[in-house]
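Student: Hey, I've just opened this one up and don't know where to begin. Can we go through it together?
Tutor: Sure, ask away.
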Amino acid sequence: MKAVRNALDKFLEIFGSILLAVMILVVLYQVFTRTVLNSPNTVTEELVRFGLVWLSMLASAYVVGKRSHLAVTMLSDNLSGSNKRLLEIVVQILFLVFAAFIMVFGGWKAVTVTMGQISPSLSIPMGYVYLAVPVSGVIMFIYSLLNLLDQQSEEESKKEG
């Protein structure tokens with residue numbers, strides 16, 4: 001399980017870094033063509049917008065894997081022992097349900113609906129942009145499952161030790 005998590009972490013770190021670097025270069029090119037050449041390029045703005053969608057969706061899945069997502073800790077800070085572990089299990093199960101039904105199932109429906117819509121500048125199907133939702137949903141599901149299994153193995157090791 002640790003190998004799966006490490007591979008997924010490494011992939012998302014590398015892919016996210018490359019995507020961010022490409023987006024920065026594209027924005028710099030856009031600024032250069034608009035200000036220096038006085039001939040703005042419309043494709044660059046749309047490319048960066050779609051890249052931002054993918055980057056933010058994949059980053060949200062990555063954050064779930066790192067257990068660094070936004071959380072209201074008022075309840076968990078006041079719990080201890082088995083109650084705190086139970087809350088963590090409930091949170092991970094809710095993430096599993098959210099990722100499976102909302103992001104993967106709902107996201108796939110959005111992809112199929114928008115595959116016929118063509119983006120104005122890049123002339124690509126908008127379904128490819130919306131594909132970021134189910135892809136990040138699958139990754140989020142995997143991470144939540146790994147988090148749940150890690151929680152279980154932590155409990156077992158505490159019982160043994």
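Student: What radius of gyration does the protein have, next to a compact globule of 161 residues?
Tutor: Keep in mind that this is a predicted model. The protein comes out at 20 Å, while a compact globule with that many residues would be near 15 Å. Along the principal axes, its C-alpha atoms fill a box of roughly 70 × 35 × 30 Å.
Student: OK, and how many helices and strands are there?
Tutor: Six helices and zero strands. Reading from the N terminus, you get α-α-α-α-α-α.
Student: Which residues touch the most other members of the largest nonpolar core?
Tutor: That would be I139, M140 and Y143, in a core of 19 residues. Helix 1 (2-35), helix 2 (42-65), helix 4 (81-114) and helix 6 (132-160) each give two or more residues to this core.
Student: Which helix gives the largest share?
Tutor: Helix 2, with seven residues.
Student: Back to Y143, what is it in contact with, leaving aside neighbours within four places in sequence?
Tutor: Y143 is in contact with R5, L8, D9, L12, A61, Y62, V64 and G65.
Student: Switching topic: what share of the residues is buried?
Tutor: Buried residues are 30% of the 161. The protein exposes about 10100 Å², and carbon and sulfur atoms supply 70% of that area.
Student: And the charges, how many positive and negative side chains are there?
Tutor: There are 12 positive and 11 negative ones, and the centres of the two sets lie 2 Å apart.

Methods:
Residues are numbered from 1 along each chain as its sequence is written. This is a predicted model: local features need pLDDT of at least 70, side-chain atom pairs count only at pLDDT 80 or more; totals for chains, interfaces and linings use all residues. Side-chain values use heavy atoms; hydrogens and water are left out. Helices (H or I, at least four residues) and strands (E, at least two) are DSSP runs, numbered from the N terminus. The radius of gyration is taken over C-alpha atoms; the globule rule is 2.2 Å times the number of residues to the power 0.38. Buried means under 20% relative accessible area, exposed over 50%, partly exposed in between (1.4 Å probe, protein chains only). Accessible areas come from the Shrake-Rupley method with a 1.4 Å probe; for residues, only the protein chains shown count as cover. Lys and Arg count as positive and Asp and Glu as negative; His and the chain ends are not counted. The place of a charge is taken as NZ of Lys, CZ of Arg, CG of Asp or CD of Glu. A nonpolar core is a set of buried Ala, Val, Leu, Ile, Met, Phe, Trp, Tyr and Cys residues joined through side-chain atoms within 4.5 Å. Contact means heavy atoms within 4.5 Å.
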